[in-house]
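Visitor: I would love a guided walk through this one. Could you take my questions as we go?
Guide: Gladly, let's look at it together.

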Amino acid sequence: MASIRAFLTGVSGEALTADEAAFLRSSSPAGLILFARNCVGHDQIRRLVGDARNAVGHDDFLVLIDQEGGRVQRLRPPLGRALPAADAYAKLYAVDPAAACEAAFLTARLLADDLLDLGINTDCAPVADVPVAGSHDVIGDRAYGREAAQVAALARAVAEGFMAGGVLPVVKHIPGHGRATADSHLELPIVHASHAVLSATDFAVFRSLSDMPSAMTAHVVFTALDAAAPASTSHRVTQDIIRGEIGFDGLLMSDDLSMKALSGSFGDRCRAVLAAGSDVALHCNGALAEMEQVADAAPSLTGEPMRRFQKALQVLERREPYDTAVAERHLALALGTAGRGTESV
């Protein structure tokens, strides 16, 4: 068996092309990420995931999706259940913090079952960013509130719900995207807050979640820390802040290498995030020529990155019982709180 390589990849459509199957077979990525373009039916999703697994030829394989709820869910009814945006739990929290956390936990536990039924074992959620006045709405109602302690409590409930169902949560976007005044999908956000302010707010949430098994970095420049590079490619931010001050020792993946916040060839982007200290690089858009550049730049997982990867995989072995009827009632409560906020924008 080929060694597992330090990258995660997308594919172009509803079924693997012959070239994509050959690519997966030769490059042996650590995982596959799915988007709406890849998901049109339950059996189709299962076939796609199964074909990808067969192509890579190893069982230690993550299958990721962004299924947060609200604006960001790749599986929408009838493919997936209706899910509220994070803001719904924030509204519940204002009335009853314990009930909000229980609803967040149980909804994630329900969702874990849904995802595993399709062969998906990793959800790129929860969002643990803390928006501030004047920030770009790319986070907006994806946030669990505007106070660090509340965001941390609800994000932990979601992550614990996923893990109870054997799904790996990916906390994002460490060390924080909430202050960004630009969308990193389109341009490079620059944050000018002081280190002290960041430490007391944005970083505080991730510090309280430092025991989580996986997280995704932010393509955001923090001028007080490294004015020359976004957090995802900054050795100083990754090592001194994410691994150091925050104390995160889980599997660290980059945000999507194809975002316009980054520049340079895709091989250079991959090398930059790995050199900074991410364990795996993420490339999402399914463009084969770009995928090949990333694969060529990605080494095999060894040492500490492999240790963290294997520890993250242990989450997939968990299955804790729960009352699905109670969970459905809590989800209905959250949906009712969200109202029209659950609709696509």
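Visitor: Let's begin with H10. Which residues on the other side of the helix from its buried ones are exposed?
Guide: One thing to keep in mind is that this is a predicted model. Exposed here takes a relative accessible area over 50%. On the other side of H10, the residues in that class are Ala 289 and Asp 296.

Visitor: And within what arc do the buried residues of H10 fall?
Guide: Helix H10 covers residues 288–297, and its buried members are Glu 290, Met 291, Val 294, Ala 295 and Ala 297. Looking down the axis, these line one face of the helix, because they fall within an arc of 165°.

Visitor: What covers that buried face?
Guide: The cover of the buried residues of H10 includes two strands and two helices. The strands are E1 (5–9) and E13 (280–283). The helices are H1 (18–27) and H9 (266–276).

Visitor: Are H9 and H10 roughly parallel or oblique to each other?
Guide: Their axes are 7 Å apart and the packing angle is about 40°. Angles under 35 degrees would count as roughly parallel, and the crossing of this pair is right-handed. Phe 266, Gly 267, Cys 270 and Arg 271 of H9 meet Glu 290, Gln 293, Val 294 and Ala 297 of H10. With that angle, H9 and H10 are therefore oblique.

Visitor: How about H4 and H5: roughly parallel or oblique?
Guide: Helix H4 (residues 97–117) packs on helix H5 (residues 148–164) with the axes 7 Å apart and an angle of about 30°. Among the residues making the contact are Ala 100, Ala 104, Ala 108 and Ala 112 of H4, and Ala 153, Ala 157, Gly 161 and Ala 164 of H5. The crossing is right-handed. Since angles under 35 degrees fall in that class, H4 and H5 are roughly parallel.

Visitor: Staying with H4, how far is the C-alpha atom of Glu 102 from that of Ala 327?
Guide: Glu 102 lies in helix H4 and counts as partly exposed, at 39% relative accessibility. Glu 102 and Ala 327 are 225 residues apart along the chain. Their C-alpha atoms are separated by 8.8 Å.

Visitor: Which residues touch the most other members of the largest nonpolar core?
Guide: In soluble globular proteins, nonpolar side chains tend to be buried together. The largest nonpolar core here has 115 residues. Those touching the most other members are Leu 34, Ile 45, Leu 75, Ile 120 and Phe 309.

Visitor: With which residues is Leu 34 in contact, leaving aside neighbours within four places in sequence?
Guide: Leu 34 belongs to strand E2 (29–34). Two of its partners, Ile 45 and Ile 120, also appear among the core residues that touch the most other members. The full list is Cys 39, Ile 45, Leu 48, Val 49, Val 63, Leu 64, Ile 65, Arg 74 and Ile 120.

Visitor: Is Ser 28 buried or exposed?
Guide: Ser 28 sits in the loop between H1 and strand E2. Although not a glycine, Ser 28 has a positive phi of about 50°. Its relative accessible area is 1%, so Ser 28 is buried.

Visitor: Where is Pro 78, which a cis peptide bond joins to Pro 77?
Guide: The omega of that bond is about 10°. Pro 78 is in the loop between strand E5 (72–73) and helix H3 (86–95).

Visitor: What is omega for the cis peptide bond between Ile 174 and Pro 175?
Guide: Pro 175 is in the loop between strand E8 (171–174) and strand E9 (190–191). For the bond joining Ile 174 and Pro 175, omega is about 5°.

Definitions and conventions
Residues numbered from 1 in each chain as written. Predicted model: local features only at pLDDT ≥ 70, side-chain atom pairs only at ≥ 80, totals over all residues. Heavy atoms only, no water. Core = buried A, V, L, I, M, F, W, Y, C linked by side-chain atoms within 4.5 Å. Buried < 20%, exposed > 50% of the residue type's maximum accessible area, 1.4 Å probe, protein only. Contact = heavy atoms within 4.5 Å. Helix = DSSP H or I, 4+ residues; strand = E, 2+ residues; numbered from the N terminus. Arc of directions from axis to C-beta. Axes fitted to C-alpha atoms, helices over the stretch in contact; angles between N-to-C directions. Parallel < 35°, antiparallel > 145°, perpendicular 65-115°, else oblique. Left-handed = near helix turned anticlockwise from the far one by under 90°.
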